[in-house]
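The report that follows reads a single model from its charged pairs to its nonpolar interior. It is best followed with the sequence and the coordinates side by side.

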Amino acid sequence: MPVQSIPLFETVFTRCTVTLILSYLWLRRSGQPIFGSMHARNLLVLRALVGFLSLFSFVYSIQRLPLSQATVLSFTAPIMASIAARIILREKLKIAEIGGLALSFFGVLFIFRRILTTQAVSGGLVKPGEAISLNVRGSDHMLAVLVGLFSSITGGISYCLIKAGANASDQPLVTVFSFGILASPAAGICLFFFEEFVLPSFYSFLLMLVLSILAFFAEVLLARGLQLEKTSKVANVQYIEVALTQLWGMGLSRIAPSFGRLVGCVLILVSVFYTMYIGPEKEMNDVA
């Protein structure tokens, strides 16, 4: 949307603060303990720390990588979550679930294939005098990629901690509050030291507020989904975000339709709907 440019940490701070306030009000109104039960607090602290590392390493990578590369790296998180759930939570991974994750990730690669290929070959030939500068940029790029992978790994572990914390406290909203109480002041500190605050216009502030509220409900629903379902299935459903974003952009004529984008969207939608089809009711029928 045509709004003024807002620093990234300012946007993160707004989102985390809105998440913190709304989750606090919800917990107070429902009479739930704000910090969860005593036996769940260690899990909630770990969830907040790991989620914080994932978010801010993602911010670092998205500031230094092309958006398409950062997006592809971030969507390795569902795969990392499924692997982490197998190791940490001892969840069984079925062949169908592994195939669904692979199909969805191939869909993401199809969508961004042309952009990634263009960026890979755009370097071309360099002059001898530019070699040192190119090496420096190359090392910075590799560091950003590694940080992006670290963000995906910690994001995957965070999925498992959200599930464990929601089950231990019997309230998924507590996991959202525990993240906000750490991430909000941390984002404010980073904004103060690393970026210059920009006073948003009324329209920009309204848009930031609306998106922050939507992000809050997305986090709550994600935590509830992880509480009810296997991590691998919930993680695979997250890929639908890419497909819907592309279809929305093509519908508004902001993104040019292409064969790769359409194939990628179809792969993701087929994978997600298949994942929903083999949900808990289907598994219970199979067992019966």
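## Charged pairs and nonpolar cores

Glu-219 is a buried residue, its relative accessible area being 13%. The model discussed here is a predicted one, and every value quoted for it is computed. The side chain of Glu-219 forms a salt bridge with that of Arg-15, with 3.2 Å from N to O. Glu-219 belongs to helix α8 (residues 202–228) and Arg-15 to helix α1 (residues 8–30), so that the bridge joins distant parts of the chain, 204 residues apart. The two partners fall into separate classes of accessibility, because Glu-219 at 13% lies under the 20% limit for a buried residue, whereas Arg-15, at 38%, counts as partly exposed.

In general terms, side chains of opposite charge can pair when their charged atoms come close. The structure holds three salt bridges, which are set out below.

| Acidic residue | Basic residue | N to O distance |
|---|---|---|
| Glu-219 | Arg-15 | 3.2 Å |
| Glu-91 | Lys-163 | 3.8 Å |
| Glu-97 | Lys-230 | 3.0 Å |

In the pair of Glu-91 and Lys-163, the side chains meet at 3.8 Å, N to O. This pair also links distant parts of the chain, given that Glu-91 sits in the loop between α4 (77–88) and α5, while Lys-163 is in helix α6 (residues 131–169), 72 residues apart. Glu-91 counts as buried at 12% relative accessibility, and Lys-163 is buried as well, with a relative accessible area of 10%.

The remaining bridge is formed by the side chains of Lys-230 and Glu-97, at 3.0 Å from N to O. Because Lys-230 lies in the loop between α8 and α9 (231–237) and Glu-97 in helix α5, the pair ties together parts of the chain that are 133 residues apart in sequence. Lys-230 counts as buried at 17% relative accessibility, and Glu-97 counts as buried at 5%.

Turning to the nonpolar interior, the largest nonpolar core has 14 residues, and those with the most contacts inside it are Val-108, Ile-111, Phe-112, Tyr-239, Val-242 and Ile-268. Helices α5 (95–121), α10 (240–251) and α11 (259–277) each supply at least two residues of this core, and the largest share, five residues, comes from α5. Tyr-239 is in contact with Phe-75, Pro-78, Ile-79, Leu-101, Ser-104, Phe-105, Val-108 and Ile-268, when its neighbours within four places in sequence are left aside. A second, separate core is made of eleven residues, among them Cys-16, Ala-186, Ala-187 and Leu-191.

Cys-16 is buried at 3% relative accessibility, and Cys-160 is also buried, with a relative accessible area of 1%. The count of disulfides nevertheless comes to zero, as no pair of cysteine sulfur atoms lies within the 2.5 Å that a disulfide requires.

A polar residue completes the account. Ser-54 has its place in helix α2 (residues 41–64), and at 13% relative accessibility it counts as buried. Not counting residues up to four places away in sequence, Ser-54 touches Ser-151, Thr-154 and Gly-155.

Conventions
Residues numbered from 1 in each chain as written. Predicted model: local features only at pLDDT ≥ 70, side-chain atom pairs only at ≥ 80, totals over all residues. Heavy atoms only, no water. Core = buried A, V, L, I, M, F, W, Y, C linked by side-chain atoms within 4.5 Å. Buried < 20%, exposed > 50% of the residue type's maximum accessible area, 1.4 Å probe, protein only. Helix = DSSP H or I, 4+ residues; strand = E, 2+ residues; numbered from the N terminus. Contact = heavy atoms within 4.5 Å. Salt bridge = Lys/Arg side-chain N within 4 Å of Asp/Glu carboxyl O.
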